[in-house]
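Colleague: I would like to go through this protein chain with you, step by step. Could we begin with the helices and then turn to the core and the loops?

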Amino acid sequence: MIPFITLFGEKLFLYPFMMGAAWGVGYHISKSLNQKYHVFKNFNWIFLGIFISSWLGSKLFYLLSVDTNAKTSIAQNTNFWLGGGFVFYGGLIGGIIFIALMTWKFKVDIGDFSIFIPSILLGHAIGRIGCFLAGCCYGVELEHEYFFSHYLHGAERFPVQLLEAIALVIGGWDFLRRVQIRSFEYVMNYFFFYALVRFMTELWRGDSFRGIWFDLISTSQIIAAVFVFVFLFWKVKTLNKISNR
């Protein structure tokens, strides 16, 4: 765990730095794709809407996951709303709600938002590295020290944050290489891909904060399973339409 480094005599806290880097990288990648394919004329406002809705969604989901007695004090803390404490799926759902409102209110094609998919994947990878440096979202406890393990919270642990980051980089590069503009299928493929990645990496998560149900499955795995079900339902429905033509 490396929560900060000293730079020119000042502490630079790495988690917020990596979060800022994630959004910065995401902005430039999606803006570049937007300019290349001429999707949104008001790109900056769209990006700002996604940023705010995702930020609020991730914070609200975080509040849902904490102890009931702590909710009020955390919610009243300005540092919480402006600082750490995020749940990725909450941010993703918050962004989806904003996009749904955009498609309903302004008749925007949901496939237009495909330019943000590589940004989400690669930005998320940077964020996971920030988690590793901060020591949050940590992995399961290992019985022995291995070349890949790291010591955290009194035990050798599996670096699950880095495993997820690697998967996201690979996925982000592949999605960036095969960008499909105005493609709803491209968007759905992202949901399916990340749901599989998240469900698997949760098997090596060691923090109980994310919520475990029936001593068997985490909250994130339940959400991932829902995304997989929605994707498969959509895929079967799409194939049936094609076969009936």
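Colleague: At roughly what angle do the axes of α1 and α2 cross?

Modeller: This is a predicted model, and the answer holds for that model. The axes of α1 and α2 come within 11 Å of each other. The crossing of these two helices is right-handed. Their axes cross at roughly 145 degrees.

Colleague: Which residues of α2 are met by residues of α1?

Modeller: On the side of α1, the residues that take part are Trp23, Gly26, Tyr27, Ser30, Lys31 and Asn34. Of these, Gly26, Tyr27, Ser30 and Asn34 are also listed among the buried residues of α1. Their counterparts in α2 are Phe43, Asn44, Phe47, Ile50, Phe51 and Ser54.

Colleague: What span is expected for α1, and what does the model give?

Modeller: Helix α1 has 24 residues. At 1.5 Å a residue, a span of 34 Å is expected. From the first C-alpha of α1 to the last, the model gives a close value, 34 Å.

Colleague: How far apart are the end C-alpha atoms of α2?

Modeller: Helix α2 has 23 residues, and at 1.5 Å a residue these should span 33 Å. The model agrees with this expectation, because the end C-alpha atoms of α2 are 33 Å apart.

Colleague: What covers the buried residues of α2?

Modeller: The buried residues of α2 include Phe43, Ile46, Phe47, Ile50, Tyr62 and Leu63. Lys59 is also on that list. What covers the buried residues of α2 includes α1, α3, α4 and α5.

Colleague: Which helix supplies the largest share of the largest nonpolar core?

Modeller: The largest nonpolar core has 40 residues, and Phe40, Tyr89, Phe113, Phe116 and Tyr190 touch the most other members. At least two residues of this core come from each of α1, α2, α5, α6, α7, α8 and α9. The largest share is eight residues, and it is supplied by α8.

Colleague: Which residues does Tyr190 touch, leaving aside those up to four places away in sequence?

Modeller: Tyr190 is one of the residues that touch the most other members of the largest core. With residues up to four places away in sequence not counted, Tyr190 touches Phe88, Leu92, Ile117, Ile120, Leu121 and Phe175.

Colleague: How many residues form the second, separate core?

Modeller: Among the members of this second core are Met18, Ala22, Ile126 and Leu133. Met18 and Ala22 are also listed among the buried residues of α1. The number of residues in the second core is six.

Colleague: How far apart are the axes of α8 and α9?

Modeller: Helix α8 passes α9 in a left-handed crossing. Residues of α8 that take part include Phe184, Met188, Phe192 and Phe199, and those of α9 include Ala224, Phe227, Phe231 and Trp234. The two helices pack at an angle of about 145 degrees, with their axes at a separation of 8 Å.

Colleague: In which sense do β1 and β2 pair, and what is the bridge partner of Phe4?

Modeller: Strand β1 covers residues 4-7 and strand β2 covers residues 10-13. The two form a hairpin with two residues between them. They pair over four bridges in the antiparallel sense, and the bridge partner of Phe4 is Phe13.

Colleague: Is Phe8 buried or exposed?

Modeller: Phe8 is found in the loop between β1 and β2. Its phi is positive, about 55 degrees, although Phe8 is not a glycine. Exposed means over 50% relative accessible area. Because the relative accessible area of Phe8 is 79%, Phe8 is exposed.

Colleague: What is the relative accessible area of His38?

Modeller: His38 follows α1 and has its place in the loop between α1 and α2. Phi of His38 is positive, near 55 degrees, in a residue other than glycine. His38 is exposed, with a relative accessible area of 65%.

Colleague: What distance separates the C-alpha atoms of Phe147 and Arg178?

Modeller: Phe147 lies in the loop between α6 and β3. It counts as exposed, at 82% relative accessibility. Phe147 and Arg178 are 31 residues apart along the chain, and their C-alpha atoms are separated by 35 Å.

Definitions and conventions. Residues numbered from 1 in each chain as written. Predicted model: local features only at pLDDT ≥ 70, side-chain atom pairs only at ≥ 80, totals over all residues. Heavy atoms only, no water. Core = buried A, V, L, I, M, F, W, Y, C linked by side-chain atoms within 4.5 Å. Buried < 20%, exposed > 50% of the residue type's maximum accessible area, 1.4 Å probe, protein only. Contact = heavy atoms within 4.5 Å. Pairing = 2+ DSSP bridges. Expected span 1.5 Å × (residues − 1). Axes fitted to C-alpha atoms, helices over the stretch in contact; angles between N-to-C directions. Left-handed = near helix turned anticlockwise from the far one by under 90°.
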